[in-house]
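The report below follows the packing of one chain, its aromatic pairs, its cysteines and a few backbone details. Please read it with the coordinates open.

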Amino acid sequence: MADEEVKSLDEFLDNKRADVRELVLSGILSFTTTPENRARFEQTNVIKKIIRLVGDEVWTKIALCCLVNFAQDEVYRKRMIELGAISRLIEYAEDLVKNIATLGRKDEERSVTRKVEEEDIDDIQAFNVGKVSEKFPVDLVIMLLSNLTQEDEGKLKVLDLENPSMKGFYLWKLLRFYGIQDYEHYFHLISNIITNLSSLEVGRKFFLEESKIFLKIVSFINHPNNLRKLGTLRTVRNCLFEYEEFLDFFVEKADIASYLLPTLIVTNYSDEAMKEQVFQNRPEWKKLGTKSGSSMNETNSLVVECLLLVANQDRGLAYLKKNSVNSIVEKIMYMQHIRANEELDGKMQALYQEVHTYNEEEVKEMTEEEKQKLEEEE
């Protein structure tokens, strides 16, 4: 049983008086900063009652703050998911986006509450929101969704693949939010949610089967915001684990090198002349984000891991060789920040060797010999 103090907080949450409810929520918020105190609420209905307050004009912000505290613990994350928090949060986020858009463009009527279909993804960049007020706690909603999708149950709820009428519905909504340009800093954390979804095999396969999802995600790979850039790279790395089934998609439709190699260039080449030399041959690669030294090693590591996954098959090696990956990697390998990182240096060396030792003609000859031998045996 919960102790008397916690039971009182649970009971007083039902009180309709604003001053009492405010006092109770403030008490819960300050009380739930430690795991020990949060554990005392396990036998109460506090989580259920607080979730019901999400969407209330007065209580939403403090309710979300309380839920973020509770979401630090697995037991409460699972409980929130069971109580339908995922759908409630995404629907509330959609209402927020509608209200923000209305605030910014009072003279234009544009509904964002309609069902988001696949073709809407092309229009994402055209949708801009107006001034965001503090009463619109978008960041807290996205933070909480990021926490809840740490659990497999939360990931599956967002994907909702077992429900034909709702398959991917919530994911499309999140992608729409992710593309909002004005005040986009409220939505950077969606990168964590997408990465969480891609950690499930069914999640990353859904991204690739519904190819427009993957192509929209990968377009953020050179975003100037580190959170988006690294989240995108982690998602791409996770999806590349499906290289055996989807390698043709990666090298043909997605042309993944056209995203990964420019990322290496902008991250490591400080000399503008060196960049221009590369872009003379590949002008379409000149779609770069902002260089950020704070995430240089992590960016390099994720990009090289992605390229190594592509290099796991001869088709991928031929594709990387055609894209002159080694001429780029060779220049980077001997830079000081690479040599100082033993793990990263090892990955770079491994990638270089894989591509360098690959001989497409030998592979073709060997394949023909095998075919001839097989025919003779038959």
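In this predicted model, the cover over the buried residues of helix 12 includes helix 9, helix 10, helix 11 (190-198), helix 13 (211-218), helix 14 (226-240) and helix 15 (243-253). The buried residues of helix 12, which spans residues 201-209, are Gly203, Arg204, Phe206, Phe207 and Leu208. Phe207 also appears in the description of the largest nonpolar core, which has 113 residues and in which Ile28, Ile50, Met80, Phe207 and Phe214 touch the most other members.

One of these residues, isoleucine 28, has contacts with Leu9, Leu13, Phe41, Val46, Ile50, Cys66 and Phe70, when residues up to four places away in sequence are not counted. Phe41 and Phe70, both of them in that list, return in the aromatic pairs.

The structure holds nine aromatic pairs. Two of them are set out in the table, each with its geometry.

| Aromatic pair | Centre to centre | Angle between planes | Arrangement |
|---|---|---|---|
| Phenylalanine 41 and phenylalanine 70 | 5.5 Å | 85° | edge-to-face |
| Phenylalanine 214 and phenylalanine 250 | 5.7 Å | 70° | edge-to-face |

The pair of phenylalanine 41 and phenylalanine 70 links distant parts of the chain, 29 residues apart, with phenylalanine 41 in the loop between helix 3 (35-39) and helix 4 (46-53) and phenylalanine 70 in helix 5 (residues 60-70). Phenylalanine 41 and phenylalanine 70 are both buried, and ring pairs link Phe31, Phe41, Phe70 and Tyr76 into a cluster.

The pair of phenylalanine 214 and phenylalanine 250 likewise links distant parts of the chain, 36 residues apart, and it joins helix 13 to helix 15. Phenylalanine 214 has a relative accessible area of 0% and therefore counts as buried, and phenylalanine 250 is also classed as buried because its relative accessibility is 0%.

Arginine 38, found in helix 3, offers a second view of the region around that ring cluster. Its contacts, leaving out residues up to four places away in sequence, are Thr32, Thr33, Asn69, Phe70, Gln72, Asp73 and Tyr76. Is arginine 38 buried or exposed? Arginine 38 counts as buried, because its relative accessibility of 2% falls under the 20% limit.

Another arginine is placed over aromatic rings. Arginine 228 lies over the face of tyrosine 178, at 4.1 Å from the ring centre, and also over the face of phenylalanine 220, where the distance to the ring centre is 5.1 Å.

How many disulfides does the structure contain? The count comes to zero. For cysteine 65, which is in no disulfide, the nearest cysteine sulfur is that of cysteine 66, 7.0 Å away. Cysteine 239 has its closest cysteine sulfur in cysteine 306, at 9.4 Å, which is too far for a bond because a disulfide needs sulfur atoms within 2.5 Å. As to accessibility, cysteine 65 counts as partly exposed at 23%, whereas cysteine 239 counts as buried at 0%.

Two aspartates deserve a look for their backbone angles. Aspartate 160 has a positive phi of about 50° although it is not a glycine, and aspartate 255, also a residue other than glycine, has a positive phi near 45°.

Aspartate 160 is found in the loop between helix 9 (152-159) and helix 10 (169-178). With a relative accessible area of 15%, aspartate 160 is buried, because the limit for that class is under 20%. Beyond residues up to four places away in sequence, aspartate 160 touches Met166, Lys167, Gly168 and Tyr170. The C-alpha atom of aspartate 160 is separated by 10.0 Å from that of glycine 203, which is 43 residues away along the chain; glycine 203 is one of the buried residues of helix 12.

Aspartate 255 lies in the loop between helix 15 and helix 16 (257-268). Because its relative accessibility is 23%, aspartate 255 counts as partly exposed.

Note on methods. Residues numbered from 1 in each chain as written. Predicted model: local features only at pLDDT ≥ 70, side-chain atom pairs only at ≥ 80, totals over all residues. Heavy atoms only, no water. Helix = DSSP H or I, 4+ residues; strand = E, 2+ residues; numbered from the N terminus. Buried < 20%, exposed > 50% of the residue type's maximum accessible area, 1.4 Å probe, protein only. Contact = heavy atoms within 4.5 Å. Phe/Tyr/Trp six-rings, centres within 6.5 Å; stacked < 30°, edge-to-face > 60°. Lys NZ or Arg CZ within 6 Å of the ring centre and 35° of its normal. Core = buried A, V, L, I, M, F, W, Y, C linked by side-chain atoms within 4.5 Å.
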